[in-house]
Amino acid sequence: MRNRRDGSRLLSSVVVIFTIAATQIPQPWAVIVVAVSSIVCIYWGFAYRRLER
């Protein structure tokens with residue numbers, strides 16, 4: 001991530017993926033996607049906070 005705009009795009013993309021998977025939680029694949037996307041979302045959230053404005 002080079003700037004806050006790129007960071008916000010990445011963060012919003014992973015939030016959308018998480019939300020879609022969370023609505024499909026009875027499916028076996030959705031549990032894996034929710035777990036991975038939540039970890040990525042937390043990581044990118046902390047990285048986003050450190051970016052310059």
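The secondary structure of the chain consists of 2 helices and 0 strands. The model is a predicted one. Along the principal axes, the C-alpha trace spans about 40 × 15 × 10 Å. Of the 53 residues in the chain, 19% are classed as buried. The accessible surface amounts to about 4200 Å², and carbon and sulfur atoms contribute 63% of this area. Among contacts with a sequence separation of 6 or more, 58% link residues that lie 24 or more positions apart.

Helix 1 comprises 20 residues, from residue 4 to residue 23. At a rise of 1.5 Å a residue, a span of 28 Å is expected for helix 1, and the separation of its end C-alpha atoms, 28 Å, agrees with that value. Within helix 1, the residues Gly-7, Leu-11, Val-14 and Ala-21 are buried. These four positions lie on the same side of helix 1, because they cover an arc of only 90° around the axis. Arg-5, Ile-20 and Thr-23, by contrast, are exposed on the other side of helix 1. The partner of the buried residues of helix 1 is helix 2, residues 28–50, against which they pack.

Helix 2 was examined in the corresponding manner. For its 23 residues, 1.5 Å a residue gives an expected span of 33 Å; the end C-alpha atoms of helix 2 are 35 Å apart, in agreement with the expectation. The buried set of helix 2 is formed by Ala-30, Val-34, Ser-37, Gly-45 and Ala-47. Packing of these buried residues takes place against helix 1. The description is thus reciprocal: the buried residues of helix 1 pack against helix 2, and those of helix 2 pack against helix 1.

One residue pair relates the two helices at the level of individual positions. Thr-23 belongs to helix 1, whereas Val-34 is one of the buried residues of helix 2. In sequence, Thr-23 and Val-34 are separated by 11 residues, and their C-alpha atoms are 9.7 Å apart in space. The relative accessibility of Thr-23 is 55%, and Thr-23 therefore counts as exposed, the cut-off for that class being over 50%. Val-34, in turn, falls in the buried class, for which the relative accessible area must be under 20%. The pair accordingly joins an exposed position of helix 1 with a buried position of helix 2.

Definitions and conventions
Residues numbered from 1 in each chain as written. Predicted model: local features only at pLDDT ≥ 70, side-chain atom pairs only at ≥ 80, totals over all residues. Heavy atoms only, no water. Expected span 1.5 Å × (residues − 1). Buried < 20%, exposed > 50% of the residue type's maximum accessible area, 1.4 Å probe, protein only. Arc of directions from axis to C-beta. Contact = heavy atoms within 4.5 Å. Areas by Shrake-Rupley, 256 points an atom, 1.4 Å probe, with all protein chains shown as cover.
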